[in-house]
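Here are my notes for you on this structure. Keep the viewer open while you read, and find each residue as it comes up.

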Amino acid sequence: SNVKGETEFQSLGRYLLKSEDETVVPEQTVIQHSPFTIDERKLSQVFNTYILLPNTESFLLVHQQLAHERIIYERLSSALHGKPVATQRSLFPSTIELTPTDVVLLNALLPDLHQMGYSIEPFGKTAFVIQGTPADIESGNEKIILEKIIEQYKFFSSEIKLSKREMLLRTVAWQQAVKAGASLSEKEMQNLITDLFQCQQPNAS
C-alpha cells in the first residue's frame, strides 16, 4: 500500500487501462489473470512514455518509467537481503567532493550502496573515490550518477518519512530507471514487460 503523501511512486494500476470503457482495471485482475502472451503481442510506444500491449478485445497501457522503477526496486531489495549486485570496476575512477553534511549522509549509505553494486571509498575528509558502479548500467557518468542519487535522496527525505534503506531503494530505482520521454526499441519494450510480469508486485510502485 502507498504511503500517504507519496507522490513519486504511484500505482501502476492507473496506467493499466481497458479500451472498452477506459476505466481502471482492478490491479489483481490485470496482472494475475492477464490474457496476454508477451511473445505473441505487437508492442508499441505511445508518446515515448507508455507501452501499448494490444489484444483482440482490450489492451494494457503501461507507464515505462514506473514499470522500470518497480523492476529495479525489487531487484535491489533482493540484493540488500542476499547476493550483492555485480560491480564493474572503473578504468579511471572518479573523485567527488561533498559538503560536510553530504559526507555524513553518504557514509551512512555506503554499506547499502555497496550491496547495490556501487564501489565507493572515502578519500580524505570531504572526498570519495568512485571505483565502480553496477554492471548493468552504462559507465562513464559515475560522478553525475552519485550526485543525482544524493540529491534525489535528500528530496525524497523531505517529501516522505521512511527508513534510510527504503528511501535509498526508491532513490536508486528512480535514478536507474528509463525515463518518460525516452524512445525504446521493440526488444527493450519486450524485456521491460517480461521483467515487470516477473515482479512480485508488478502492479504497484
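The points below go from the whole chain down to single residues and pairs.

1. Before anything else, keep in mind that this is a predicted model. The protein chain has 6 helices and 6 strands. If you walk along the sequence, the pattern reads α-β-β-β-α-β-α-β-β-α-α-α.

2. Now for some totals. The protein chain has 205 residues, and 46% of them count as buried. The exposed area of the chain is about 11,100 Å², with 52% of it supplied by carbon and sulfur atoms. Take the contacts with a separation of 6 or more: 67% of them are between residues 24 or more positions apart.

3. Helix 4 is a good place to start looking. It runs over residues 142-159, which makes 18 residues. From first C-alpha to last it reaches 26 Å, close to the 26 Å expected at 1.5 Å a residue. Which residues of helix 4 are buried? They are Glu142, Ile145, Leu146, Ile149, Ile150, Gln152, Tyr153 and Phe156. The cover over these buried residues includes strand 4, helix 3 (100-115), strand 5 (119-123), strand 6 (127-134) and helix 5 (164-176).

4. Next, try Ser90, which you'll find in strand 4 (residues 87-97). Is Ser90 buried or exposed? Ser90 counts as buried because its relative accessibility is 15%, and the cut-off for buried is under 20%. Setting aside neighbours within four places in sequence, Ser90 is in contact with Ile130, Gln131, Gly132 and Glu142. Glu142 is also one of the buried residues of helix 4.

5. Back to helix 4 for the aromatic rings. The count here is 1 aromatic pair. That pair is Phe155 with Phe156, and it is tilted, at 6.0 Å centre to centre and 50 degrees between the planes. As for accessibility, Phe155 is partly exposed, with a relative accessible area of 41%, whereas Phe156 is buried at 0%.

6. A ring also turns up in another kind of arrangement. Look at Trp174: the charged end of Lys179 sits over its ring, 4.9 Å from the centre.

7. How many salt bridges does a search of the whole structure find? It finds 7. One of them pairs Asp195 with Arg75, and their closest N and O atoms are 3.0 Å apart. Asp195 is in helix 6 and Arg75 is in helix 2 (residues 64-80), so this pair ties together parts that are 120 residues apart in sequence. Both partners are partly exposed: Asp195 has 23% relative accessibility and Arg75 has 46%.

8. Another salt bridge joins Asp102 to Lys154, with the closest N and O atoms 3.2 Å apart. Because Asp102 lies in helix 3 and Lys154 in helix 4, the pair ties together parts 52 residues apart in sequence. Asp102 counts as buried at 7% relative accessibility, while Lys154 is partly exposed at 32%.

9. Lys154 has a further partner to look at. Glu151 forms a salt bridge with Lys154, the closest N and O atoms being 3.1 Å apart. Those two residues both lie in helix 4, 3 residues apart, which is about one turn of the helix. Through these shared partners, Asp102, Glu151 and Lys154 join into one network. Glu151 counts as partly exposed, at 44% relative accessibility.

10. Don't skip the loops. Val178 is in the one between helix 5 and helix 6 (186-197), and at 17% relative accessibility it counts as buried. What is Val178 in contact with, apart from neighbours within four places in sequence? The residues are Gln64, Gln65, His68, Leu184 and Leu192. Measure to Ala67 too: Val178 and Ala67 are 111 residues apart in sequence, yet 9.2 Å apart in space, C-alpha to C-alpha.

11. Last, check some backbone angles. Most residues other than glycine have a negative phi. Phe47, however, has a positive phi near 55 degrees, and Asn48 has a positive phi of about 50 degrees. Phe47 sits in the loop between strand 1 (44-46) and strand 2 (50-54), and Asn48 is found in the loop between strand 1 and strand 2 as well. Phe47 is exposed at 72% relative accessibility, whereas Asn48 is partly exposed at 30%.

Notes. Residues are numbered from 1 along each chain as its sequence is written. This is a predicted model: local features need pLDDT of at least 70, side-chain atom pairs count only at pLDDT 80 or more; totals for chains, interfaces and linings use all residues. Side-chain values use heavy atoms; hydrogens and water are left out. Helices (H or I, at least four residues) and strands (E, at least two) are DSSP runs, numbered from the N terminus. Buried means under 20% relative accessible area, exposed over 50%, partly exposed in between (1.4 Å probe, protein chains only). Contact means heavy atoms within 4.5 Å. Rings of Phe, Tyr and Trp (its six-membered ring) pair if their centres lie within 6.5 Å; planes under 30 degrees apart count as stacked, over 60 as edge-to-face and the rest as tilted. A charge sits over a ring if NZ of Lys or CZ of Arg is within 6 Å of the ring centre and within 35 degrees of the ring normal. Accessible areas come from the Shrake-Rupley method with a 1.4 Å probe; for residues, only the protein chains shown count as cover. The expected span of a helix is 1.5 Å times one less than its number of residues. A salt bridge is a side-chain nitrogen of Lys or Arg within 4 Å of a carboxyl oxygen of Asp or Glu.
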